[in-house]
Amino acid sequence: MTFQEMIWLHYLLYTLSFIVGIGVGLTAALSSLARKVMGKISARTNEDYEKIEEEKRLVIDEKIEETSKYYLKLQEIRRKNSRIVFRKKRTLKLEEPNDIKHLIKEVAAVFYPDSPEPLLELSVNDVFELVKRVTVRLDDTFAATNLSFVRYLKLSAVYMTMGVFNKINSIKNRGIMQFVLRIVNFSVLVTNIVSPVSLFKAGTRRKVNKDFSSVLIESLCKIIGRETACVYSKNMQIAEPEELLALTGKAE
Amino acid sequence: MDINEVVEPIANQAPQLLINYLIIIGLFLLGIAFGYFLLRTIYAAATKKKYKAKKTAREVEKAEIYDDIIIPSVTAYDAEYGNASTSEKLEGFKKAFLNMLTNISKAYYPDSDYPIFEVSADAIIKLADNIADRINRQLKRFLDDNFLVKNAFKAGVYVHNKSKKDTISYDWREIKISTIKSLIENLTAKPVVEEQEKKSFFGKVGASVKALPNKIFASFLNSKLRELIVETGMEIDKIYGGSKHAEIADVQTEEGK
């Protein structure tokens, strides 16, 4: 290899390093923004949640943590699967998935332990209150992002983006692509072993990605679990007249 | 002693690899800082910009929606589910709702691949809220404002509370969904006709009386679901057609009453 070629190789490595750095920086910024937005969204939920008896809150928090752990474990497996070289893909084996649906049922059961169907222990009035509460809370969520376009973003755009992601995933899952990805993963693994710098970069990237997903998962589980607790504890006094008026005015 | 005299020999001796590593790590950290501030700047700029929804829906005559989509949906529901059981009626309502959603969205967005998704999440939430409000008004109109029904309901609750351990409230708003579910199951699950045939004259009369709530409930549900289909169609029209049709839809509902 001539000296000139070596120089170009170095420049390529420098550029790649800078680009990977930008990616990590973007994820770190997203993570910090997500934390800020989630904090704003959960502020009112927490305020209502504090009114529930402490004993019940402890049980609910435990259940929320279990669900968060379940999703974090799923995410970890997904991440490990994307880096596989030799072994087969792993799946999370659990008798009963500890998902959001399960969490909602469990939280409702805290308030109605003797009921065979705790989710149905709401009155007709509670259901209408619930719809109002969901409307107001989602409106809060849109407001918390501070981005006016989020409110008007068409679902078709979201649907199309999801379609693109699904297509990419289906391409990635094809046999030949899996083979290519395994080769890429192998070369990354070798580079990480040989070069401590690559190891440092990969470690930082992994840490930032993990932090981002944990912020999202933990906050979402907490908000959903606590909101469910507020609903089933009949602690739904969220729809103040001025609030609803402002909401209706805005929507029209 | 000059600092260069110390540093230069070390620098000369340091392997080229180490310098490269330092540059790579430096650029990586610089990239992180750049990416971080880039996104924060974009976010700050985006929060300042006020976005207004653009109306991209096609202009459609209100009569076109009402006559070509809503009324045929009600007719189709009548033909298929008019004499069906309660659970099938609810299934029929769901089918009519989906049918109207698909056709109304297609009428406003004929060129779109996903016409149902041509609205924002905000609009969908508003649609759910409005439909819940319509159901609330329907129930209120039927159970609170109608003297006969109001008292018949109270009598029914009295009879129920007298014979059962688990009492239910006289205010329909206070009744739990689980209770409503079990009541509906009790009303719809009994094979009334088969038992009735085996009994004597008085047994038949008794069975007819027992089957009365079922019949009243079925007829109530049928008429209410028909009204609800029309109202739901109008709400869907409001959401997909924008605010232009909102006032017209409200006037039509008032006329329907």
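Me: In which hand, left or right, does α8(A) cross α2(B)?

Reply: In this predicted model, α8(A) crosses α2(B) in a right-handed manner.

Me: How is the packing of two helices described in general, and what is the case here for α8 of chain A and α2 of chain B?

Reply: Two packed helices are described by two quantities, the angle between their axes and the distance between those axes. Here helix α8 of chain A covers residues 196-232, and helix α2 of chain B covers residues 16-48. The angle between them is about 15°, and their axes lie 10 Å apart. That makes α8(A) roughly parallel to α2(B), because angles under 35 degrees count as roughly parallel.

Me: Which residues of α8(A) and α2(B) meet?

Reply: From α8(A) come A:V197, A:F200 and A:K201. They meet B:Y21, B:I24, B:I25 and B:F28 of α2(B). Of the residues in this contact, six are nonpolar, none is polar and one is charged.

Me: How many residues of chain A and chain B are in contact?

Reply: The contact involves 47 residues of chain A and 46 residues of chain B. On the side of chain A that touches chain B, two or more residues are given by each of α1 (3-49), α4 (124-145), α5 (148-152), α6 (155-172) and α8 of chain A. The most come from α1(A), which gives 17 residues. By type, this side of chain A divides into 29 nonpolar, twelve polar and six charged residues.

Me: How many residues does the largest nonpolar core have, and which have the most contacts inside it?

Reply: The largest nonpolar core has 20 residues. Those with the most contacts inside it are B:I69, B:M100, B:I104 and B:Y240. Three helices of chain B each supply at least two of its residues, namely α3 (62-81), α4 (86-108) and α9 (201-241). The most come from α9(B), with seven residues.

Me: Which residues does B:I69 touch, not counting residues up to four places away in sequence?

Reply: With those sequence neighbours left out, B:I69 touches B:M100, B:N103, B:I104, B:A107 and B:G233.

Me: Let us turn to one residue of chain A. Is A:E62 buried or exposed?

Reply: A:E62 is exposed, because only 10 other C-beta atoms lie within 10 Å, and a residue counts as exposed with 12 or fewer. Its place is in helix α2 of chain A, residues 54-81.

Me: How far apart are A:E62 and A:D140 in sequence and in space?

Reply: A:E62 and A:D140 are 78 residues apart in sequence. In space, the separation from C-alpha to C-alpha is 26 Å.

Definitions and conventions: Residues are numbered from 1 along each chain as its sequence is written. Chains are lettered from A and ligands numbered from 1 in the order in which they are written. This is a predicted model: local features need pLDDT of at least 70, side-chain atom pairs count only at pLDDT 80 or more; totals for chains, interfaces and linings use all residues. Axes are lines fitted to C-alpha atoms, for helices over the stretch in contact, and angles run from 0 to 180 degrees between N-to-C directions. Helices (H or I, at least four residues) and strands (E, at least two) are DSSP runs, numbered from the N terminus. Angles under 35 degrees count as roughly parallel, over 145 as roughly antiparallel, 65 to 115 as roughly perpendicular and the rest as oblique. A crossing is left-handed if the near helix is turned anticlockwise from the far one by less than a right angle, and right-handed if clockwise. Two residues are in contact if their C-beta atoms, placed from the backbone, lie within 7 Å. Ala, Val, Leu, Ile, Met, Phe, Trp, Tyr, Cys and Pro count as nonpolar, Asp, Glu, Lys and Arg as charged, and the others, Gly among them, as polar. A nonpolar core is a set of buried Ala, Val, Leu, Ile, Met, Phe, Trp, Tyr and Cys residues joined through C-beta atoms within 7 Å.
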